[in-house]
Amino acid sequence: MRKFIVKTRHNGWRLPLKDLAAGLLSSVATAVKYWLHYTLVAIAWLGLVPLTACRIYRFVFSGSIDTMIPDISSTENITSDIFHGCFVVTCTLFTFIGLVWLREQVLHGGGPDWLERDNANQAQAVNNIGEQLDRNENHNVAQVQQENVVAENVPEPQEDGDNNGNEENNWIPMEWDRAAEEVTWERLLAALFGLAKARRVLGLCYVVVKVSMLSVVEIGILPLVCGWWLDICSLAMFDATLKDRENSFRVAPGTSIFIHWLVGMVYVYYFASFVLLLREILRPGVLWFLRNLNDPDFSPIQEMIHLPILRHIRRLLLSAIIFGSAVLLMLWLPIRILRYILPSFLPYTISLNTDAQVNELSLELLLLQVILPALLEQSHTRTWLKGIVRSWCRVIAWILDIHSYLLGDNDGNQTNEAQQPQHPPPELNGGLGAAHQALLIRDGPTGFQPYEKPAFFALRLFSLLICICISLVICSLIALTLPVWLGRKVMALWLVGAPPPSHQITATVAQTGIKVHELYTAACGTYLCWLAARAISLILSWLPQGRAAMLARLKQWCILGAKTILASTILLGVIPLLFGLLLELVIIVPLRVPTHQTPVLFIWQDWALGVLYTKIACAVTMMGPDWFLRTAIERAYRDGIRDMHLMFILRELAAPVIISFGLSLAIPYVVAYSMVPIFVSNVQLKHYIARRIYPYLLVVGVASIIITLQIREFKKLYEHIKNDKYLVGQRLVNYDHRRVPKIQTSQ
């Protein structure tokens with residue numbers, strides 16, 4: 001090893017008070033200087049700039065010249081104007097960034113065809129004019145040389161008196177004509193260049209407006225329309241009317257628009273994901289009417305730039321028709337059938353129930369933080385869905401005898417269309433899909449695969465569409481009923497004091513006595529269905545291995561399941577419960593419950609909130625410095641469930657956290673109810689101490705941590721001042737700590 005030997009000019013270990021005070025003043029002055037600098041910058045960018053932007057925006061769009069100066073210099077509504085100004089500045093900044101990015105797209109992929117074609121024609125015209133000028137200049141030069149040769153062969157005049165007359169007779173007006181001709185061409189070129197520049201500027205402005213409008217329509221309006229259409233088609237499922245939606249929109253229009261846009265955006269996203277899954281199964285060319293998002297050559301901005309506006313309108317209308325038809329088949333029609341078959345099953349309960357023993361906010365956080373991430377992070381769901389769709393396609397292709405058209409030669413094991421070899425554009429007899437794909441795609445169909453056309457092909461395609469519609473309706477009925485039915489059964493058994501589940505669990509108070517949000521029942525039922533499907537898939541994968549191997553794997557999974565249950569009980573049960581109780585006693589109870597009232601602790605609510613707190617604490621720990629808890633969390637996450645080390649989790653991860661939370665909960669309670677009554681006899685004072693001891697100890701702990709950090713930083717500052725004052729130099733020498741005791745012993 002190596003060690004720095006520090007040499008100083010000061011023999012003592014203490015720094016003089018004068019030098020220490022000078023160093024502290026210098027550090028304080030530096031800190032004040034930086035604080036003033038950043039404060040002024042923050043005031044300018046977070047105060048003056050947004051305020052000025054808001055006032056200018058208001059004057060431009062809704063003000064007058066007479067009120068310009070008073071409005072800009074007004075001191076009223078400064079806070080709200082700053083917030084509105086931040087929004088204006090943000091929109092302006094994003095607009096500028098979008099224009100710069102669009103410019104890069106135009107430079108990279110070129111402008112529209114008509115703009116590039118006009119520029120090419122104008123450049124060709126300029127080149128032709130230049131060539132014509134060069135030919136005229138060469139012709140004039142040759143003519144002048146010929147005239148000079150003729151003038152040399154003419155004898156000189158004998159008389160001086162005829163000189164003036166000869167000069168006047170020999171004057172040639174060609175030079176003046178050529179000069180006038182050159183001036184005319186220069187003016188024409190200047191006008192042509194100005195016209196070309198103006199046309200290009202107008203063309204680029206048109207491209208900017210076109211791309212902006214199409215982006216707003218595809219990202220903003222289309223998802224919003226899908227969200228409203230989903231809401232309209234699902235009104236009967238929640239026993240709502242259009243009047244209710246109109247009233248909610250009038251109360252909070254911004255919130256209503258945002259929620260519907262978000263729902264529509266999620267719907268469009270999952271629809272596109274399902275289309276990508278279909279492209280992996282179906283024959284390339286079947287989905288010719290849908291764009292391939294996985295194509296590396298696909299660029300939506302380049303398509304917005306190059307394709308005409310009518311084609312974009314046609315695509316938007318086609319997308320709206322497809323999305324709307326899917327909503328009708330998967331939501332509106334199944335709800336009508338469900339209300340006819342099971343009239344007591346609907347409507348779903350979506351209103352909050354304050355009498356329920358499960359807090360709505362807690363369950364919502366639990367759903368969003370635990371259940372849904374566990375489902376979405378599993379890749380088995382996509383694999384199962386892909387297998388189901390492939391099996392359905394094989395059955396329908398066998399029934400309708402369209403295997404070549406639907407699945408192609410690979411029997412549904414298609415790779416991505418973008419990875420297919422590029423084929424030349426098919427002829428007119430290549431099929432209906434190839435013809436339409438050639439019309440929609442700019443450079444012809446990519447990855448198209450020919451197929452055999454059976455007899456009565458149009459009738460078979462119509463039967464395929466009918467089968468698709470029927471299958472969508474049946475799948476939607478199952479998805480709307482089975483998870484909710486299972487969830488209602490489980491929630492009715494789980495809730496304390498709830499009656500046993502009847503033959504038909506509904507959301508009405510008359511049959512169950514409770515009302516639970518259907519989001520929780522659907523999530524619970526979905527999770528149970530996923531667990532059942534996962535167990536069935538594992539058992540089916542073990543069957544070909546034989547009885548002995550199946551029993552060995554079952555024993556292995558039972559041991560792993562027991563270890564997982566134990567670790568989950570501690571990590572997802574005990575620790576979140578202790579965390580939630582601690583924060584409830586330290587923060588929530590002192591802020592919400594007066595001292596003359598008795599706080600009531602809800603265990604389920606504290607546990608559900610503790611799950612959220614634990615997840616946030618884990619994220620903060622992973623972003624913090626390296627210490628033992630971060631190392632333990634990283635190893636537990638890296639090992640996973642299959643390679644779980646239970647003793648390591650219990651010893652290195654669970655035990656320190658449980659001991660810390662347990663002591664934080666137990667010590668204040670013991671002090672308040674065992675030690676305080678020995679010294680305090682006043683009942684009110686004892687009650688006040690018991691209620692305020694948890695936040696008081698929190699303040700003491702935080703203050704202790706801050707004081708410790710400040711002492712540590714002061715020691716660093718002390719060493720820094722001493723080194724700046726007395727440090728002479730540093731020398732790097734070899735050092736081995738194992739040899740030091742030997743040397744001291746020999747000495």
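A residue counts as exposed when its relative accessible area is over 50%, as buried when that value is under 20%, and as partly exposed in between. With these classes in hand, the predicted model can be read from its loops to its helices.

Asp239 makes a good starting point. This residue reaches 60% relative accessibility and is therefore classed as exposed. Its place is the loop that links helix H6 (174-233) to helix H7 (242-251). The backbone here deserves a look as well, since Asp239 is not a glycine and yet has a positive phi, near 55°.

A second aspartate, Asp401, also has a positive phi, in this case near 60°, and again the residue is other than glycine. Asp401 sits in the loop between helix H12 (380-400) and helix H13 (403-406). Its relative accessibility is 48%, so Asp401 falls in the partly exposed class.

Another loop carries a backbone feature of its own. Between helix H10 (309-341) and helix H11 (360-376) lies Pro347, and the peptide bond joining Leu346 to Pro347 is cis, with omega at about 10°.

Turning to the helices, H15 spans residues 457-494 and includes Leu459. Leu459 has 53% relative accessibility and, because the cut-off for exposed is over 50%, belongs to the exposed class. Leu459 is also one of the members of a nonpolar surface patch, together with Phe456, Phe462, Ile466, Ile470, Ile474, Ile478, Leu482 and Trp485. The accessible area of this patch adds up to about 900 Å².

H15 also meets helix H17 (residues 518-542): the two axes come within 7 Å and cross at roughly 100°. H15 is therefore roughly perpendicular to H17. On the H15 side, the contacts involve Leu482, Pro483, Val484, Leu486, Gly487, Arg488, Val490 and Met491. Their partners in H17 are Glu518, Thr521, Ala522, Cys524, Gly525, Thr526, Leu528 and Cys529. Leu482 thus appears both in the nonpolar patch and in the contact with H17.

For the chain as a whole, the model shows 23 helices and two strands. The protein chain has 747 residues, and 29% of them count as buried. Its accessible surface comes to about 49700 Å², with 67% of that area belonging to carbon and sulfur atoms. Among contacts between residues at least 6 apart in sequence, 76% join residues at least 24 apart.

Notes: Residues are numbered from 1 along each chain as its sequence is written. This is a predicted model: local features need pLDDT of at least 70, side-chain atom pairs count only at pLDDT 80 or more; totals for chains, interfaces and linings use all residues. Side-chain values use heavy atoms; hydrogens and water are left out. Patches are made of residues with over 30% relative accessible area and no salt bridge: like charges are joined within 9 Å, nonpolar side chains (Val, Leu, Ile, Met, Phe, Trp, Tyr) within 5 Å. Accessible areas come from the Shrake-Rupley method with a 1.4 Å probe; for residues, only the protein chains shown count as cover. A salt bridge is a side-chain nitrogen of Lys or Arg within 4 Å of a carboxyl oxygen of Asp or Glu. Helices (H or I, at least four residues) and strands (E, at least two) are DSSP runs, numbered from the N terminus. Buried means under 20% relative accessible area, exposed over 50%, partly exposed in between (1.4 Å probe, protein chains only). Axes are lines fitted to C-alpha atoms, for helices over the stretch in contact, and angles run from 0 to 180 degrees between N-to-C directions. Angles under 35 degrees count as roughly parallel, over 145 as roughly antiparallel, 65 to 115 as roughly perpendicular and the rest as oblique. Contact means heavy atoms within 4.5 Å.
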